[in-house]
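Here's a quick look at one model, with a stop at some cysteines, a helix pair and a few strands. Have the viewer open as you read.

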Amino acid sequence: MTFALREEVLVLPLRDPFRIARASHGTGATSTTVIVELRDEADGPDGPVGIGEGYPDRFYGETPATMAAVLPALLETLEPLASELRGDLDTARAALEDADGMMRAAIGHHGAAKCALDIALHDLAGKVQGIPVHALLGLSADLPPTDFTIGIDEPAMVAERARRAADFPALKIKCGGPADLATLRAVRAVYAGPIRVDANTGWTRADALDLLPELVDLGVELIEQPFPARAYRDLGWLQERASLPIVADESAVTDEDLDALVGVVAGVNVKLAKCGGIGPAKAMLERARDLGFRTFLGCMEETSVGIAASAVVASLAEWVDLDGNLLLADDPFTGLALGSDKRWRPADRPGLGLTRRGT
C-alpha cells in the first residue's frame, strides 16, 4: 500500500451548551469528532497531506471505535486511486467520483468513516493538482449565507443567544420539548429574521398540530424532522396540512433514501457526515434537486475541516446550515473565512486551504 492514514479523536468544548431532542447526540458540553490525515507514501515524507473529518453520531450507529475499526478496510479499498490522483485533472476527477462506489461496495453504512476518508482524498487531490477543491469539482465559490443554530435550553437563555446571533440572516432553533412555543416566542421578541425549527424527531402528531398555526404566526420558515426517521406517513400527514416546508434530516441519510421521500416532504437536509463526504453530498444534492426537493445543507458540531468540505458543495443548496465550527470554543483549524454577510469564503489555496493551529 502507498496510502497511509493517521487518525485522531478530538473532544472539543462547546462555546455554549448545545442540546437537541435526541439524547443520543451527546451531553451538550463537548463535541467528539475524528480527524484523519491521508498521505501517499510514494510522494515521500514531505509530500502533500490530505485532511479529513468524520463526526460519529451514535444515532447512525457510529462511534470513534467503529470508525477506527472500518477505516483500514476502506483505505485498502481506495488504494487503486493513489496513482490516479497524480494524473491529469480529468483522471483525478474520475478517481474521486469512483471513491464513493468503491467504499459502498466494501461496506454498507458507516457514513462518518467514509466521510473522513472522502474529505481527505479530496483535500489531497486538490493539493496534488494545485487547485481548490471546489474548482477541482467545477463548483461555484459563490455560496448562500449560513444560518446559526441554538440548542435546547430555557427560553430566556435561548433568546439571549438569539440576540447575540442577530446578525445572522436566519436562526435555526432546536425544539422537541414542552417549552417549544415559549422558546420560539422569546426568540421572535429579540430577532426579526427567518426562524427555522428543528425538532430532531421529538414531536408527536398532536404536538405538531397544536404548534403549526403558532409557527405560521411567528414567521417560521421551515420545520425540520418533526417525527421519527421512518415515520413517512406522519411526515406526509403533516406536510399535507402545513403551508411550511417539512424538511427530512434523520429520514434522509444517503441518496438511497430520497425515493421514499418523494411526495412526503418538501425538502431534504444533506450532511456530509451522514452520506459519506463531499462526493456523495454533491451527488445527493443534485439528485434531490432533480426529484423536485428543496435542498438544505447541514452539518454536525464539526471543526473547520468538516465545514470547509461542506462549503465545497454549498452552491447546490437553497438553505445552508454550516455553523458547526462556530459552536466550538476553540476551533483547532484556520483558513476558512466567514464574510460579514455570513457567507463562507472557500480558500483560493490548493485543497481545502486549512492549517492546524500551532503548526
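Does C115 count as buried or exposed? With 0% relative accessibility, C115 is buried (under 20% relative accessible area, against over 50% for exposed and partly exposed in between, using a 1.4 Å probe and protein chains only).

A word on the ground rules: this is a predicted model, where local features need pLDDT of at least 70, side-chain atom pairs count only at pLDDT 80 or more, and totals for chains, interfaces and linings use all residues. Residues are numbered from 1 along each chain as its sequence is written, and side-chain values use heavy atoms, leaving out hydrogens and water.

Back to the cysteines: the whole structure has 0 disulfides, a disulfide being a pair of cysteine sulfur atoms within 2.5 Å. Here are two cysteines with their closest sulfur neighbours.

| Cysteine | Closest cysteine sulfur | Distance |
|---|---|---|
| C115 | C275 | 7.2 Å |
| C175 | C299 | 17 Å |

C175 is buried too, at 1% relative accessible area.

Now the helices (DSSP runs of H or I, at least four residues; strands are E runs of at least two, and both are numbered from the N terminus). α3 (residues 111–129) packs against α11 (residues 278–290) at about 100°, the axes lying 7 Å apart. In contact terms (heavy atoms within 4.5 Å), D118, I119 and H122 of α3 meet I278, G279 and P280 of α11.

As for the strands, β9 (residues 267–270) has buried residues on both faces: G267 and N269 on one, V268 and V270 on the other. In β10 (residues 294–297), R294 is the bridge partner of G267.

Conventions. Axes fitted to C-alpha atoms, helices over the stretch in contact; angles between N-to-C directions. Pairing = 2+ DSSP bridges.
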